[in-house]
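Colleague: Before we discuss this model any further, please take a close look at the charged side chains and how they pair, and set what you find against the surrounding architecture. I would like a connected account rather than a list.

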Amino acid sequence: MYEGLLARQVSPPVVKNNLAYLLAEHRPTPENLARGRELMATLLEDNPEDPRLLDTMGWILCKQKEFALAKDLLTRAVARAPEHPVLQYHLGFCLAQLGEKDAAREALTKALAAKGEFPQKAEAQKLLESLPKPPPAPGGK
């Protein structure tokens with residue numbers, strides 16, 4: 001459907017964003033990730049503060065294992081929409097890949113505390129459980 005809209009040049013930002021996200025999430029081949037990244041680069045030039053666009057580009061970068069670049073975009077996305085559980089999950093995933101376990105745990109905890117369901121909730125829970133527990137606070141029990 002999104003390909004058809006692009007072919008007919010009916011391509012508002014939401015169409016390009018959704019297509020790029022679907023390619024990254026459901027068909028993350030190197031070619032599809034490159035295509036999604038290209039779609040998102042032009043969108044972000046015109047909308048550099050949109051959390052949905054920042055998240056999609058950040059997630060594409062995660063899929064391409066460019067976690068340091070992804071972290072900046074995902075951090076900016078979460079700063080603009082901190083209550084959005086998918087954004088928190090994506091940031092937590094990225095931080096875990098970078099070895100930033102405490103920050104990852106915080107983002108994943110926020111994602112799981114959000115009201116309602118989100119598609120990656122089970123993955124967020126599994127990732128959170130895989131992170132080492134923080135050491136107890138001094139003087140704590």
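Modeller: Let me begin with Lys-121, which counts as partly exposed because its relative accessibility is 24%, a value between the 20% under which a residue is called buried and the 50% over which it is called exposed. Please keep in mind throughout that this is a predicted model. Lys-121 forms a salt bridge with Glu-117, and the closest N and O atoms of the two are 3.6 Å apart. The acidic partner is open to the surroundings in another degree, since Glu-117 has a relative accessibility of 67% and counts as exposed.

This pair belongs to a wider set, for a search of the whole structure finds nine salt bridges. Another of them joins Glu-100 to Lys-71, with their closest N and O atoms at 3.0 Å. Glu-100 sits in the loop between α6 (85-97) and α7 (101-113), whereas Lys-71 belongs to helix α5 (residues 67-80), so this bridge ties together parts that are 29 residues apart in sequence. Glu-100 is partly exposed, at 30% relative accessible area, and Lys-71 is likewise counted as partly exposed, at 28%.

Helix α5 also holds a pair of its own, because Asp-72 and Arg-76 both lie in this helix, four residues apart, which is about one turn. The closest N and O atoms of the salt bridge between Asp-72 and Arg-76 are 3.6 Å apart. Asp-72 counts as partly exposed at 43% relative accessibility, and Arg-76 also counts as partly exposed, at 25%. Neither residue should be read in isolation, as Asp-72 and Arg-76 are linked with Glu-49 and Arg-80 in a network of salt bridges.

A charged residue that can be followed through its contacts is Glu-25, which is found in helix α2 (residues 13-26) and, at 21% relative accessibility, counts as partly exposed. Setting aside neighbours within four places in sequence, Glu-25 is in contact with Trp-59, Lys-63 and Gln-120. Its C-alpha atom is 9.6 Å from that of Thr-56, although Glu-25 and Thr-56 are 31 residues apart in sequence.

Thr-56 and Lys-63 lead on to the packing of two helices. Helix α3 (residues 30-46) packs against helix α4 (residues 51-63) at an angle of about 150°, with the axes 10 Å apart. Angles over 145 degrees count as roughly antiparallel, and α3 and α4 are therefore described in that way, while their crossing is left-handed. On the α3 side the contact is made by Leu-33, Gly-36, Arg-37, Met-40, Ala-41, Leu-43 and Leu-44, and on the α4 side by Leu-53, Leu-54, Thr-56, Met-57, Ile-60, Leu-61 and Lys-63. These residues divide into 10 nonpolar, two polar and two charged.

As for the setting of all this, the chain contains eight helices and zero strands, and its C-alpha atoms fill a box of roughly 65 × 30 × 25 Å along the principal axes. Of its 141 residues, 42% count as buried. Among contacts between residues at least 6 apart in sequence, 48% join residues at least 24 apart.

Methods:
Residues numbered from 1 in each chain as written. Predicted model: local features only at pLDDT ≥ 70, side-chain atom pairs only at ≥ 80, totals over all residues. Heavy atoms only, no water. Axes fitted to C-alpha atoms, helices over the stretch in contact; angles between N-to-C directions. Parallel < 35°, antiparallel > 145°, perpendicular 65-115°, else oblique. Left-handed = near helix turned anticlockwise from the far one by under 90°. Contact = heavy atoms within 4.5 Å. Nonpolar A, V, L, I, M, F, W, Y, C, P; charged D, E, K, R; others polar. Salt bridge = Lys/Arg side-chain N within 4 Å of Asp/Glu carboxyl O. Buried < 20%, exposed > 50% of the residue type's maximum accessible area, 1.4 Å probe, protein only.
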